[in-house]
Each structure stands twice: as C-alpha cells, then as structure tokens.
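This report introduces selected features of one structure to a reader who has not met it before. The sequence and the model are shown first, and the description follows.

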Amino acid sequence: MKTLYFECNMGAAGDMLMAALLELHDDPQDFLKRLNAIGIPGVEVAVEPAVKHGITGTHVTVTINGHEEHSHDHNHGHGHDHDHGHSHDHSHDHSHSHGGHAHNSYHDIEHRIGHLKVSDSVKKDALAVYKLIAEAESHAHGVPVNQIHFHEVGEMDAIADIVGVCMLIDELAPDYILASPINVGSGQVRCAHGILPVPAPATVHILQNVPIYSDEIKGELCTPTGAAILKHFAKKFDKMPMISTTKLGYGMGKKDFEKANCVRAYIGNVHTNTNNDVVELICNLDDMTPESVAYAQQLLLDEGALDVFITPIVMKKSRAGLMFTCLCNEEDKSKMTTLIFKHTTTLGVREIAATRYILQREQSEVQTKYGSVRVKTAYGYDVKRSKPEYEDIARIAKENDLSIQEVLKEV
C-alpha cells in the first residue's frame with residue numbers, strides 16, 4: 001500500500017509541508033511552473049536549497065507582486081514570531097481595511113479558490129483545510145465564521161501553500177496518509193493583542209483529538225495552516241509504520257533552532273496486515289472444570305477473538321491451575337473482558353498491549369486424484385510457505401482409507 005508519512009518532530013507549517021512534498025515529486029520544476037499558472041493574483045512560488053544542522057532540504061518562498069510578505073504574521077491574528085516562512089494566521093481583523101491592506105471574508109476565499117485552474121478534488125481539499133482554520137479562528141475569538149476576515153496580502157501566500165500541498169498530494173496519489181504526533185513548541189509570542197501562549201488558540205482548537213507534545217524548544221513550531229493540512233489529510237497520528245521507503249523529502253523552515261527545523265516526508269510501501277496492535281487479556285483459574293474452560297475458550301473464539309489458549313501453571317499454595325489467555329483487537333477488548341468474567345470464575349483480568357507481526361495470507365486450491373484440496377500460503381519478511389488445509393487432508397484420508405502421510409505426499 002502506497003503510504004505517505006509526515007514526521008513532525010519540529011512541528012509543521014504550510015510552506016514546510018509543500019517543500020517536503022516537492023522533494024517527493026518526480027518533476028518539481030514542472031510542478032512549480034503549473035502551480036504559478038493556476039491564477040493566484042500576483043503570486044509566484046519559488047524554491048531554494050536550505051541547510052539545517054548539516055541536513056540539506058528545500059525552502060519554499062512565496063512572493064506577492066515581487067515582494068516576500070512577512071509582516072502580516074505580526075500585525076494580524078496571533079502574530080507568529082517563530083516565522084517558519086510565511087502565512088499561517090491571517091484572520092479575525094473584522095474591518096475590511098487595516099494598515100492600508102484589504103481583507104477577505106471566508107466567502108471571498110471560497111470564491112477565489114473556486115476559480116483557480118485546478119481539479120475539483122484539489123478545490124475540495126483546499127476548501128476543507130480553510131474551513132478548519134476559519135472554524136478555529138471563530139472559536140478562538142468568539143466570532144461567527146461568516147465574520148472572520150483574512151488579511152488579503154498574507155492570504156495570497158497562504159492560498160499558495162494550501163493549494164500547493166493539495167495539488168502535490170493529489171499528484172503523488174498515496175493510498176494512505178499518516179503523521180507523527182506533532183511538536184507544537186512552547187513559550188509565548190507577542191502580537192497585536194498582547195502576549196499569547198504557544199501553541200496559539202486556533203492551533204490548539206484544530207488539533208483537538210490529535211496527539212501533540214512540547215519539548216524544550218522555545219517558539220511556535222506548528223501554525224494553524226500546518227495543523228489544518230495535517231488534520232485534514234492524515235488518517236492517523238502515530239509512530240512510523242514498517243515502510244519500504246522509495247523517496248524522502250525535507251521541508252525546511254526559515255528560522256534556526258537548536259534542532260534541525262524541518263518536516264520530513266516519507267513515501268513508500270506499507271504491506272497491509274504486516275503488523276497490528278493487539279491486546280492480551282489474561283486470568284488465572286483454579287476452580288473450573290475442563291469442560292467449562294473449553295466452553296469459554298470456544299465461545300470467545302466464536303465471538304471474534306484472534307486466539308484463545310490455556311497454559312498449565314502452578315499457583316499459590318502449590319495449587320495446579322490454568323492461565324487463560326485471550327488475544328484480541330483493541331476495539332474488542334471490552335466485549336472479551338465481559339465474556340471472560342461471565343463465563344469463567346476469575347475475579348480479575350490482566351491486560352497487556354502488544355504489537356503482532358504477521359505474514360500476509362492467501363488461499364488457493366490444488367486438484368488431486370482424490371479431489372480439490374485448499375492450500376494456505378503465507379508470505380512476507382523474505383519468507384514464503386504453503387500448507388494444505390488439515391480438514392481437507394483428514395476428509396480425503398478417511399474417505400479413501402489412507403494415512404495422513406499418504407494424502408500429504410499426493411498433494
């Protein structure tokens with residue numbers, strides 16, 4: 001399965017995400033040429049190499065009418081003084097003119113994106129990202145979404161970042177997108193409204209139900225735009241899966257920190273079902289009959305347990321007992337725990353989280369002079385092996401008065 005994975009150990013901003021994805025693209029220069037022709041007024045996107053702590057990557061610059069715009073970060077919204085590059089909180093000044101600049105409403109943004117020369121799927125993704133930002137600003141400032149206004153000059157480069165990322169993901173066409181937990185930074189930032197905590201209120205709102213953390217880095221690492229892009233596209237925020245990487249991209253921020261200021265993007269193949277998180281539910285029993293234990297075991301298997309096995313143990317006071325172990329998926333643990341309490345005599349169940357690595361499996365049939373036999377094949381991790389289905393072998397042996405070994409030889 002073609003998978004895109006974002007590593008956000010130093011947060012994320014729109015320009016950093018676009019730069020990382022550009023390094024994954026087969027023809028970045030052609031992409032930039034097409035991006036600059038989609039119809040964002042006065043905007044030109046360019047790239048330059050950047051080095052952070054000895055790591056070489058790409059930095060994206062956006063110019064509006066020949067000038068790179070930074071000041072909107074400090075005059076409007078939360079005033080992000082970390083400066084990953086540009087953009088990323090351009091809203092909630094409710095006048096349509098401030099400091100000589102005009103402002104766009106959320107409806108204006110919808111209209112502008114709707115008229116860009118991009119596919120309908122890219123427009124849909126870009127508008128979904130903007131909706132997350134507008135809703136977050138609305139919540140942070142207690143203003144209805146239709147009253148949120150975006151700084152026009154700054155918004156042009158934000159549109160370039162967001163639409164550029166949406167176009168790149170559309171063209172890279174991953175089957176699945178994942179991201180790491182996000183480092184949001186720490187400390188405070190000064191803006192027109194005073195001193196605000198890091199992460200900014202809008203960023204926190206966007207990243208609800210997403211794993212975030214803060215380390216010793218002082219500064220705002222994750223912007224609302226970066227947060228909204230990741231929230232929209234990533235299906236899961238977790239540690240890196242087992243992936244065979246085909247390409248790696250580094251998107252660099254502008255500011256220097258004590259750690260390399262970059263987003264790292266991986267694209268490659270993740271084999272489905274190569275691993276999954278499972279739960280072991282365990283209890284000790286010393287007062288059940290073998291028949292009752294066997295009934296409980298089969299019942300849990302019938303209800304969806306991955307495996308149930310019983311181990312002889314010696315319990316306290318040297319009593320012979322059984323350890324009853326149920327292996328199940330995380331989403332089934334509540335049901336399985338209830339069944340264990342109902343159908344065994346235990347007073348307590350232990351839970352152990354585990355990761356299970358499994359081979360991919362297929363089933364086929366082979367024809368023998370005794371009829372069809374199902375064959376199970378397992379492969380992965382440089383291993384491939386096949387095994388005939390025991391029930392078919394046993395049936396043929398019984399019907400033809402043969403031994404198991406004789407039937408296996410024929411198969």
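## Two helices, α4 and α5

A crossing of two helices is called right-handed if the near helix is turned clockwise from the far one by less than a right angle, and left-handed if anticlockwise. In this predicted model, α4 passes α5 in a right-handed crossing. Helix α4 covers residues 106-114 and helix α5 covers residues 120-141; their axes come within 10 Å and cross at roughly 165°. Angles over 145 degrees count as roughly antiparallel, and α4 and α5 are therefore roughly antiparallel to each other.

On the side of α4, the contact is made by Y106, I109, E110, I113 and G114, while α5 contributes K123, A126, L127, Y130, K131 and A134. Seven of the residues in this contact of α4 with α5 are nonpolar, one is polar and three are charged.

## Two further helices, α9 and α10

Helix α9 (residues 290-302) and helix α10 (residues 333-343) have axes that come within 10 Å and cross at roughly 160°. That angle makes α9 roughly antiparallel to α10. The crossing in which α9 passes α10 is right-handed.

The residues that make the contact are Y295, A296, L299 and L300 of α9 together with M336, L339, I340 and H343 of α10. In the contact of α9 with α10, seven residues are nonpolar, one is polar and none is charged.

## The sheet of β22, β23 and β24

An open sheet is formed by three strands in the order β22-β23-β24, with antiparallel pairing. Strands β22 (360-368) and β24 (383-388) stand at the edges with a single partner strand each, so one side of each has no neighbour in the sheet. From one strand to the next, the twist averages 25°.

Nine bridges join β22 to strand β23 (residues 371-380) in the antiparallel sense. One bridge pairs T368 with G371 in β23. Helix α11 (residues 390-399) packs on the sheet and touches β23 and β24; the direction of α11 makes about 155° with that of β23.

## Parallel pairing around β8

Strand β8 (residues 176-179) pairs with strand β1 (residues 2-7) in the parallel sense, over four bridges. Within this pairing, L4 has I177 in β8 as its bridge partner.

Strand β8 also runs parallel to strand β15 (residues 236-237), and two bridges join them. Here the bridge partner of L178 is K236 in β15.

## Salt bridges

How many salt bridges does the model contain? Counting a side-chain nitrogen of Lys or Arg within 4 Å of a carboxyl oxygen of Asp or Glu, the total comes to 15 salt bridges.

In one salt bridge, the side chains of D215 and K259 meet at 3.3 Å, N to O. This pair links distant parts of the chain, 44 residues apart. D215 is in the loop between β13 (212-213) and β14 (219-220), whereas K259 is in the loop between β16 (244-252) and β17 (262-269).

## Backbone details on either side of α7

The peptide bond from V198 to P199 is cis, its omega being near 0°. P199 lies in the loop between β12 (194-197) and α7 (201-206).

A second backbone detail concerns N209, which is found in the loop between α7 and β13. The phi of N209 is near 70°, a positive value in a residue other than glycine.

Note on methods. Residues are numbered from 1 along each chain as its sequence is written. This is a predicted model: local features need pLDDT of at least 70, side-chain atom pairs count only at pLDDT 80 or more; totals for chains, interfaces and linings use all residues. Side-chain values use heavy atoms; hydrogens and water are left out. Two strands pair if DSSP finds at least two bridges between them. Axes are lines fitted to C-alpha atoms, for helices over the stretch in contact, and angles run from 0 to 180 degrees between N-to-C directions. Contact means heavy atoms within 4.5 Å. Angles under 35 degrees count as roughly parallel, over 145 as roughly antiparallel, 65 to 115 as roughly perpendicular and the rest as oblique. Ala, Val, Leu, Ile, Met, Phe, Trp, Tyr, Cys and Pro count as nonpolar, Asp, Glu, Lys and Arg as charged, and the others, Gly among them, as polar.
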